[in-house]
Each structure stands twice: as C-alpha cells, then as structure tokens.
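Dear colleague,

Please find below the structure we discussed, together with its sequence. My notes on the chain pairing and on one strand follow.

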Protein chains: 2
Amino acid sequence: MQLKNDLLLRAARGEKTERTPVWLMRQAGRILPQYVAVRERVSGFIELATTPELAAEVTIQPVDLLGVDAAIIFSDILVIPEAMGLPYEMVEKRGPHFPRTVRSPEDIDRLKVADAETDLGYVLEAIRLVKRDLGGRVPLIGFAGAPFTIFCYMIEGGGSKTFSKAKKMLYTEPALSHRLLQKITDSTAGYLNAQASAGADLLQVFDSWAGILSPDQYRTFSLPYLRQLCQAVKREAPATPVTVFAKGAFFARAEMGALPCEVIGLDWNVDIAESKTLIGPDKTLQGNLDPCALYASFDQIRQQTRQMLRAFGPHRHIANLGHGVYPDTDPEKVKCFVETVQEYAGWVD
Amino acid sequence: MQLKNDLLLRAARGEKTERTPVWLMRQAGRILPQYVAVRERVSGFIELATTPELAAEVTIQPVDLLGVDAAIIFSDILVIPEAMGLPYEMVEKRGPHFPRTVRSPEDIDRLKVADAETDLGYVLEAIRLVKRDLGGRVPLIGFAGAPFTIFCYMIEGGGSKTFSKAKKMLYTEPALSHRLLQKITDSTAGYLNAQASAGADLLQVFDSWAGILSPDQYRTFSLPYLRQLCQAVKREAPATPVTVFAKGAFFARAEMGALPCEVIGLDWNVDIAESKTLIGPDKTLQGNLDPCALYASFDQIRQQTRQMLRAFGPHRHIANLGHGVYPDTDPEKVKCFVETVQEYAGWVD
C-alpha cells in the first residue's frame, strides 16, 4: 500500500523533504492515558506486548493522539533473549528481571538461534495488524536491541548502573563473549528481516548500554555486530532503511558514520554540529532534544525545538528526543514538540 | 611537615617526575577486608565517616596495604547538604536517601551556608589526624561534590537513572536553580579551603552527574560554579592544586581546559589522545583505566595499564581508574595495577 506520509523514509534515504519528520522514542505507551486504559485490561506489560491486537492498538494511539509522522511497534528489546530460551519478567517499577542468566559455555550452548516466524510470530502478527489498520497513514518502525545491549541483560539478569558482571565477562572471557554475541546477532538479523517482511518500513537498532564501554571495547564487542545486522538487512530487505541509536557512544561517532545504515540516532549529550562533522554527510541524523526539555513551558519547548531544528538544518534530519520520552511527561507538551517541528517555517531556501 | 613522596603534587603542578603517581578513587573502603573489619564495629557508613579516629584509620589503610601514592580522606560528598540543613541516611545496598528534599523557594531560604569549622569539624579533625599519622609518607587529598551534583541529590532525594526531578527544576525554575547552586557553591568553597587549612595537600571536586546534562545546560548550570570553586581555592589556598573530575562531561573537555585548576580527571569512555588535544597542555590529566579492567587476569591488567601509561605519556599524568574502584574487585588486582604503574620503565628519555 502506498504511504500517504512517507517523510520519514525519504528523510532516511537522504531525499529532500518539504519538512522535517518527527516521532518520539517510547511514544507508544506510558505517557498516554489511552495506553494506561488498555494496560489495565491485562495482567502486565508482557501480556500486552505478546497480544497482537492490543500491541497494534497501542502502537497506533500516538499517531491518532500526537500526530507523529511514524508509528513504532509496541514491543521490547528483550523478546530476543526470550526467543533464544532465556525468559524474563517485567517487575513493576523495577524493570526487567531474568530468573536465569548466562554463566557458562554450557548456558550459551543451550540457547538457540531464534526463529522469528515460530518464536516471535506475535510481533510479526502485530506488525501486520498495524499496517492494515494504519492504512498507509504513516510508516511503521520495527526494532531490536543491539547485540551488546542484549548481551548485557543476559549476563547481568536485569538493569544495572555499571553492568559490571557483563563487562567482567568481556574482560575475562572474550572468546565466550564473542560466541554469545554472535548467537544474539544471528537471532536478531533474522528477526529484523522478518519484521521488514511483515511490513515494517524502517528498522531501528537500540544500543542502549553502549555508553558503559571504552572506545576500544566498543570497537571490539559492539560495532562488528551492529555492522553484521546492517549488512543482513541490506542483503535481505535492501529497501528498508536502518537506524542505529547507540546511547552514550559519543566516542564512536566517526565509526558510526561508516556503518552500512541510513540513519544515526543522537542522544542529547552530543553537540549537533560536531556530530554532523564526525558522522559525515552520508547519514541522516535523528534526535536529539533532551527529554527533560518537555518539562519546560510551552514557549520554552517551542524555542528549544526550533533551536534544534536550525542546528540540524533542513535535510537529512528526523526530529526526535535524545532518549525515550519520560513517563511523567504531559502529552500536551509532547504535542507541542511535534507541532513545532511540523509547523516550522524557518528554512530559507 | 616535608612530604617524603610528593609525586602527586609535582605531577599536578606540571613538574617532571621520575615516574607517574598512582591512586584510586574509592580506594579507602569497601574493597579492603581491613576496612570491612572497622566498618563492622560501627552502626553504619555515616557513623564511620563522622568519627574522626575511624575515618582517619580507614583513610590510611590503602597507603599501607596497596602502596598508593596518595591518601584520600574517607568521607562523602553529601556532607555538604547535611551541613546546609538537609540530612541524609545511607540505606544499605540502596545508597543515600534524603527524607526531606528541596521543593520550593522557602526550602532554599531555610538552608544555611555551611560553616566548615562548626558544621564539618569532624572532617577537618579527621584530616588533621591523617596528616599526623601519615607522617609525610604521601600527600592527602581532600574533596567535595560539584555544586550541580549536590543539587541533583538535594532535589531528587537520592540516586536516580535520569535525575529527571532535578533536571525538571533546571528547565522550569532556572532562577531558583541558580539560587540553590550559589548557596551550595558558597558552602563548598569554604569547605574546600578549610580542608586545605586542616592539611589537605590537593583538593578534588567530583561532578558525578555531569553526564546527564546537555552541553548547553552544563555550560549554564555546572561550569560557572566549578569555576567559582577553583577561584576560591586560588584565592585562599593558592598552593593547593585542584582536580576537577566531571564524569560523562566528554562534551565539555575544551571548557575544562580553561578552568583555573591544575588537574582534569577523565573517565574511561574518552580517548586519551583526543582528550589531551581538547584540554590542552596546561593541565595534568588523571585517569582513566576502566574499573572493570581489574576483573581481568594479572597479565591483562599489566598490559592494559602499560597501554594507558603510554597513551598519556610520561608527564602531567596521574594514573587512576576512570571511576571509583568497584566493590567486588580483588585487592590483589588493585595492587597489580598500582605496582605496574610504579614499576613502569617504558619511557625513552
């Protein structure tokens, strides 16, 4: 089906667009009362994410309610470890928890390479439902976690300030670490391509814990696997643009510019002009307003959003926050951010 | 009293030294069984930190046991809010907790500017005891939190992944934020100078939460107060070098180079050569081995430590980790790090 609004895809491919597209990481969920209402009908986050009809419903909510230029499938990066044989729970107010973690070579052997159709069919079904129900209004973004970030959770068993258990494994068992990273990568490559086949128009890879590594370690344990994922999509779904968002990986911006993907996401810590120079002209940049800027007044939000737009310039930019929207953000403030981008008329052509 | 080992101070001032000095952030405490033994004699962390004889004892332990080139007074950055009238508790395995936080202009008015002699006399007394008991073996480092980091705790009430309450205040109440930051700065300036008067040979300022700010916000809400602290020490204790360690403030390295201080601390995320260029030749750099590198084998620790030494070069470097040593680190591995620095003979003069 022809897309009525394909700004996101054109911007991703580096085509000129009449205005900058805008969406928000974590737009589907927690900030919307309409999401909370759906959430209350189920036992928890995981039931919601694994019920295609409900996942599809909350995926479309921000398109209706916030007017964003893209939907992103309501899911979780931790579906991959689950599909590989390492299930997790979502503990209210605490985050994800893995009752079992990976400790030994045998634990890695026992994990399987996920088969997207059989192990993650519920996500693919949700993607098909969203595509049907969106009727081409805006593109749909599929996503997965970066292998290094998934590795962190599988070793650590949950969130952490330092992920010192995961990092300890990198230092003490590099060969074993690579073996696990490869298995995660193989699972994720198939999953990303299956999302594209099911209808996802763009794929984003989230390296949420990039920032805990040294530049050397990032080069060794994350970038090669990101590259493999990008290559796998180029091979199987060449028409589908890929975004890599590595939070905290300011030190790897030049290397990011060399990845075979279309878009690089930026967090709010990095200077925009410097990032453009480091990443180079062949990538579209996505980001990067501080999520906390949406706590400010409407006037301040408009002012800061315009300042961001001017710093990125009119082309090869997808407006977004520099991180997922925080749960206590007023949806009206989010709308103000979205509308400011969509109404911006400051470009002198 | 003449110092027998003044490598740290000479390196801080940019003088050539026969070898690179080395110490570790958080060396006094949790990693040493001898510390745990002292800790078990008291009710908790706060009793230990506020009892000068015990604080002095655990301050000296790493000099005896690890052979480091400096002691750092055993204390906490949160003594400043406490001295200003906002007490805190240390909750086992959870970290600091403030029963009351700062919410309103009246809350700020009620806070006092701390008087170091009356409100923080126990730290000054511990410093005097350490100086007496060290007998000039190595220099003693005093420290305080950066005003922005202290502000974070006073608003948020404890640790946080995002410090979104503190950041919300920066966005919604900038004038009020500056008022609180100034009051913290005035308290801290007096405290740093009092530590120098009591005998501290070098002063380090920890901006532990620098990394949550955007470059613009860091310029507005943190750097000016760091500058004030450096200037206050230059005025009152000009012979005492100052180190600024702003974790995650990679984006402000050029501005750090312009602060009126002697040493800039680096975390393990930053490239050493790039940092030298950005910060410039007039500062000594401190850091920056990944704390998780100490989980590796002895051979790997030696190799990585030497690689770090070569990247910094023979002068204007104080070897350290890029963050406080993690609690589950083997003290023998710490000794390996210290000895590798002290025995390094790789310089070609």
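For the comparison of the copies, the chains were superposed by least squares on the C-alpha atoms of residues with pLDDT of at least 70 in both; please bear in mind that this is a predicted model. On that basis, a turn of 180 degrees with a shift of 0.0 Å along the axis lays chain A on chain B with an RMSD of 0.0 Å. This is the relation of a two-fold axis.

Regarding the interface, 22 residues of chain A are in contact with 22 residues of chain B. On the side of chain A that touches chain B, helix α10 (residues 164-172) of chain A gives the most, with five residues. By character, the residues of that side comprise eleven nonpolar, seven polar and four charged. Because 100% of the interface residues of chain A are also interface residues in chain B, the copies meet through the same surface.

Within chain B, I would draw your attention to strand β4 (residues 140-145). Six of its six residues are buried, so the strand is largely enclosed by the rest of the structure. Leu140(B), Gly142(B) and Ala144(B) point one way from β4(B), while Ile141(B), Phe143(B) and Gly145(B) point the other way.

Two strands of chain B pair with β4(B) in the parallel sense: strand β1 (residues 71-72) over two bridges, and strand β5 (residues 202-207) over five bridges. Ile141(B) takes part in both pairings, as the bridge partner of Ile72(B) and as the residue opposite Leu202(B) in β5(B).

With kind regards

Notes
Residues are numbered from 1 along each chain as its sequence is written. Chains are lettered from A and ligands numbered from 1 in the order in which they are written. This is a predicted model: local features need pLDDT of at least 70, side-chain atom pairs count only at pLDDT 80 or more; totals for chains, interfaces and linings use all residues. Two residues are in contact if their C-beta atoms, placed from the backbone, lie within 7 Å. Helices (H or I, at least four residues) and strands (E, at least two) are DSSP runs, numbered from the N terminus. Ala, Val, Leu, Ile, Met, Phe, Trp, Tyr, Cys and Pro count as nonpolar, Asp, Glu, Lys and Arg as charged, and the others, Gly among them, as polar. A residue is buried if 20 or more other C-beta atoms lie within 10 Å of its own, exposed if 12 or fewer, and partly exposed in between; C-beta atoms are placed from the backbone. Two strands pair if DSSP finds at least two bridges between them.
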